[in-house]
Amino acid sequence: MAITYVSMGTVGTGTTSVTPGLPATLATGDGVFIMVANKPDTATPTTPTGWTLVSSVSGGGGSTGNGTGPSRQTWFFREKDATWSTMPAITITGGSRSATGAFRLTKAAGTLWDIAAATGVYGTAAATTNAATTLGSNPSLVPNDFVFGAFPQQAGTGAIFSAEA
């Protein structure tokens, strides 16, 4: 099944509640992923009503604190249908710093969304210098699959990825 990335809504930020912006031109049948990155890694996003929890992983290095140390990344999915037209507010129990974004994907007509997840944690030192990771499981990729990869980064550190994979 050929999947196409189309757009991303605006980024929502907060502490214990975040709302991603609605991706542009969202249409019935489109797939929508919401990604929430939060600190501390022990804070847990609540799955919004009608959405499916795809994956939640925590890790990283340093000392846990307000905006420092390990983080958690959580993904939710929902197919667009006529019953909703706004993005949900996501509650993060115990959050100190959180951000979220929603991503719109399309697929070929007559096909179903089939979502799989595999996670890995990159680095446990306070200062990790590479973004290499090994997934915890094989998500059984086949031709025309679409892969999302995301690495939350501490804002304001000045450390930017030097190259795309």
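1. Surroundings of Trp-51. In this predicted model, Trp-51 is in contact with Val-32, Ile-34, Phe-76, Phe-77, Arg-78, Trp-84, Met-87 and Pro-88, its neighbours within four places in sequence being left aside. Two of these partners, Trp-84 and Met-87, recur in the points below, the former beneath a lysine charge and the latter in a nonpolar core.

2. The largest nonpolar core. Trp-51 also belongs to the largest nonpolar core, which has 13 residues. Together with Val-32, Ile-34, Val-36 and Met-87, Trp-51 is among the residues with the most contacts inside this core. Strand E4 (31–39) and strand E8 (90–93) are the elements that give two or more residues to the core. Of the elements, E4 gives the most, with 3 residues.

3. The second core. A separate core of 8 residues is also present; Phe-33, Met-35, Ala-37 and Trp-75 are included in it. In general terms, nonpolar side chains tend to be buried together in soluble globular proteins.

4. Aromatic pairing. The structure holds 5 aromatic pairs. In one of them, Phe-33 and Trp-75 are arranged edge-to-face, with a centre-to-centre distance of 6.0 Å and 80 degrees between the planes. The edge-to-face label follows because an angle over 60 degrees counts as such. Phe-33 lies in strand E4 and Trp-75 in strand E7 (residues 71–79), so this pair ties together parts that are 42 residues apart in sequence. Both partners are buried: the relative accessible area of Phe-33 is 9%, and the relative accessibility of Trp-75 is 10%.

5. The aromatic cluster. Phe-33 and Trp-75 are also members of one aromatic cluster, which they form with Phe-77, Phe-103 and Trp-113. Phe-77 is, in addition, one of the contacts of Trp-51.

6. A charge over a ring. The charged end of Lys-80 sits over the ring of Trp-84, at 5.2 Å from the ring centre. Trp-84 is itself in contact with Trp-51.

7. The salt bridge. How many salt bridges does a search of the whole structure find? The search finds 1. Asp-30 and Arg-104 meet through their side chains in a salt bridge, with an N to O distance of 2.4 Å. Asp-30 lies in the loop between strand E3 (17–18) and E4, and Arg-104 in strand E9 (residues 97–107), so the pair ties together parts that are 74 residues apart in sequence.

8. Burial of the charged partners. Are Asp-30 and Arg-104 buried or exposed? Asp-30 is buried, at 6% relative accessible area; Arg-104 is buried as well, at 9%. Both values meet the criterion for burial because they lie under 20%.

Key:
Residues are numbered from 1 along each chain as its sequence is written. This is a predicted model: local features need pLDDT of at least 70, side-chain atom pairs count only at pLDDT 80 or more; totals for chains, interfaces and linings use all residues. Side-chain values use heavy atoms; hydrogens and water are left out. A nonpolar core is a set of buried Ala, Val, Leu, Ile, Met, Phe, Trp, Tyr and Cys residues joined through side-chain atoms within 4.5 Å. Buried means under 20% relative accessible area, exposed over 50%, partly exposed in between (1.4 Å probe, protein chains only). Helices (H or I, at least four residues) and strands (E, at least two) are DSSP runs, numbered from the N terminus. Contact means heavy atoms within 4.5 Å. Rings of Phe, Tyr and Trp (its six-membered ring) pair if their centres lie within 6.5 Å; planes under 30 degrees apart count as stacked, over 60 as edge-to-face and the rest as tilted. A charge sits over a ring if NZ of Lys or CZ of Arg is within 6 Å of the ring centre and within 35 degrees of the ring normal. A salt bridge is a side-chain nitrogen of Lys or Arg within 4 Å of a carboxyl oxygen of Asp or Glu.
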